[in-house]
Amino acid sequence: MSQTHYRAGPDANGLFGSFGGRYVAETLMPLVLDLAREYEAAKADPAFLEELAYFQRDYIGRPNPLYFAERLTEHCGGAKIYFKREELNHTGAHKVNNCIGQVLLARRMGKKRLIAETGAGMHGVATATVAARFGIPCVIYMGATDIERQQANVFRMKLLGAEIVPVTAGTGTLKDAMNEALRDWVTNVEDTFYLIGTVAGPHPYPAMVRDFQSIIGKETRAQMQEKEGRVPDSLVACVGGGSNAMGLFHEFLDDANVDIIGVEAGGHGVDTDKHAASLNGGVPGVLHGNRTYLLQDDDGQITDAHSISAGLDYPGIGPEHAFLHEVKRVEYVSITDDQALDAFHATCRLEGIIPALETAHALAEAIRRAPSLPKDHLMVVCLSGRGDKDMQTVMNHMAAQEKQA
Amino acid sequence: MSRLEQRFADLKAEGRAALVTFVTAGDPGYEASLAILKGLPEAGADVIELGMPFTDPMADGVAIQLATLRALEAGQNLAKTLQMVREFRTGNQTTPIVLMGYYNPIHRFGVERFVADAKDAGVDGLIIVDLPPEHDEELATPAQAAGIDFIRLTTPTTDDARLPRVLQRSSGFVYYVSVAGVTGAGSATNEHVEQAIARLRRHTELPISVGFGIRTPEQAAAIARLADGVVVGSALVDKIAQAKDAGQAVDDVLSLCSALAKGVRNARG
């Protein structure tokens, strides 16, 4: 096996092994092909890269720190835990890394209107933010259920001037918002840029979003080199669609000694019908433009995902993760709602950091894993987002628990 | 000659366009849906498109989304859809049936098994919305090898550079999606349709059917003057949504079909 094996994808057809591709309606095919060409050109254009670097530095606030989580490390009593502080980015999550890249591409392509889907609202906020910064009108599709549980982010998007369209179809979550965004795109083909928020969708989105997010891993490598003089021993990140995880992982895929762990949302447990663990509880299929692992029934109907975190509440996963799962380069585990909440509270109390509920899944896995690892084991957890948006959810959950007790 | 080729050849000889009707299999329930299916040829449908329900119909507007949900709630699945075609074929050997839908249920069912069962049931063609020619090897190639036509959608965004690729492996007929958008949305002007058909004619000798946004006998007649086939879907499906019960759903779909058929048959008269 060649040394660059895992980082080589996708091929010209957008495939990572047998995953990915371009499974879209013919109306969208010319647009998707055009986007791939434009992205290839932009990626090779020094002026584009220079402008991207400028906004990453002066607008997002990169590089963000690689922080030694000393008290959490003491608490676990094993591996040395570092946080890659993506929650310190402008808008409070990793999502903006991708949005800045795509909005620069949209402007370069002369697009006059942005659309996006959002689950937890972090991608919606990041999209609304760059739309405001570049003066491009934007429409955000968001499931009605998610609007209900992410009020703060809905208000933020409105402040930023975005139009929010509630989606009531299906379960009113991320999957349905994505269907509706695709319906908008197929209708407004002339002037609209679809700013997908994760490493999913038709090619080139999975590769393009990964590229824009891969700065997470690149900075981590340099920062760990500076602090510890070597590469980390393990990486842990949560996976819904999987963009923060791909952003951290991609840089290290061909470093054979780095253990890489993706954490899916186990909801009430992957042995129940209430979870969002596509790899651990799904089978391959085709949805939203790509072949990947999906939660589905025997008839190929997509089943509802469940997670306490709206951002992980999606019945699929990025195709590159499906590939990395099949070739066993990355280990995918799952964490339940309750485990995530415990880790959420622990991180608040021990580190003075309120993490997003999505991120809390990665933290829970780190806390589970760290105690049995040696003290010189260097573990990096992607602190993908901050938890301000989740106050209501956590409050409701705590109130429900008190009632039960 | 396939059933689709035969039907379009016969209608060409008659000097009129085909009425192509779309309904979702299992909407509002299996029995009523089968009654609609069996009644459509007599009500004037020349080709029947039968929707295979899928939870996430990304290219469909509200009418067909709701039809899909009604069918799924009534327990429809791919095996039942094939069974429905089988039952239809016991009484009708001439009206072509084209299954239309999304790839995932077929992917889950297993392509090889699906192609064999569909052929055996009497399916004549497939329209799979999210399988562009870039993924031909997955289903189009095995389906055509088994004698099932694979019908391509062409759209206002399919430019001259791309058209040959889209048409290359098309068979049965070509479906022109006359507006960029979802099913049931706005309709194109006759000028647009006329120009689009002229453009397609330069690239293919297959019959060309036009769909999206055609709801009334008048609109159907206007398109029938320009194209080889007129596709009506959402308007029929809406009749099911509006019906008080299954019996009324069957009656209303078939009477709209009759009215549309009259429009199509008198169009060039």
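Which residue just after α10(A) takes a positive phi? Gly229(A) does, with a phi of about 75 degrees. Helices (H or I, at least four residues) and strands (E, at least two) are DSSP runs, numbered from the N terminus.

The structure is a predicted model, in which local features need pLDDT of at least 70, side-chain atom pairs count only at pLDDT 80 or more, and totals for chains, interfaces and linings use all residues. Residues are numbered from 1 along each chain as its sequence is written, while chains are lettered from A and ligands numbered from 1 in the order in which they are written.

**Helix α10 of chain A**

Helix α10 of chain A covers residues 215-228. At 1.5 Å a residue, its 14 residues should span 20 Å, and the end C-alpha atoms are 19 Å apart, which agrees. The expected span is 1.5 Å times one less than the number of residues. The buried residues of α10(A) are Ile215(A), Ile216(A), Gly217(A), Glu219(A) and Thr220(A). A residue is buried if 20 or more other C-beta atoms lie within 10 Å of its own, exposed if 12 or fewer, and partly exposed in between, with C-beta atoms placed from the backbone.

**Leu312 and the sheet of chain A**

Leu312(A) belongs to the loop between β12 and α13 (319-326) of chain A. Leu312(A) is buried, because 32 other C-beta atoms lie within 10 Å. Its C-alpha atom is separated by 8.1 Å from that of Ala120(A), although the two are 192 residues apart along the chain. Leaving out residues up to four places away in sequence, Leu312(A) touches Cys238(A), Gly240(A), Ala265(A), Ala276(A), Ser307(A), Glu358(A) and His361(A). Two residues are in contact if their C-beta atoms, placed from the backbone, lie within 7 Å.

Strand β12 (residues 289-294) of chain A is joined to β2(A) by two bridges, and these strands run antiparallel. Tyr23(A) stands opposite Gly289(A) in β12(A). Both strands belong to an open sheet of four strands with the order β1-β2-β12-β11 (chain A) and antiparallel pairing. Two strands pair if DSSP finds at least two bridges between them. β1 (15-16) and β11 of chain A stand at the edges with a single partner strand each, so one side of each is left without a neighbour in the sheet.

**Two contact surfaces**

The domain assignment of chain A, which is automatic or from a database, gives domain 1 (11-57 + 95-209) and domain 2 (64-92 + 214-404). Their C-alpha centres lie 22 Å apart. The contact between them takes 40 residues from domain 1 of chain A and 38 residues from domain 2 of chain A. β2(A) gives the most to the side of domain 1 that touches domain 2, with five residues.

Chains A and B also meet, in a contact that takes 27 residues from chain A and 34 residues from chain B. The largest share of the side of chain A, six residues, comes from α8(A). In the table, Ala, Val, Leu, Ile, Met, Phe, Trp, Tyr, Cys and Pro count as nonpolar, Asp, Glu, Lys and Arg as charged, and the others, Gly among them, as polar.

| Side | Nonpolar | Polar | Charged |
|---|---|---|---|
| Chain A, touching chain B | 13 residues | nine residues | five residues |
| Domain 1 of chain A, touching domain 2 of chain A | 17 residues | 18 residues | five residues |

**Chain B**

Chain B has 12 helices and nine strands. Of its 269 residues, 55% count as buried.
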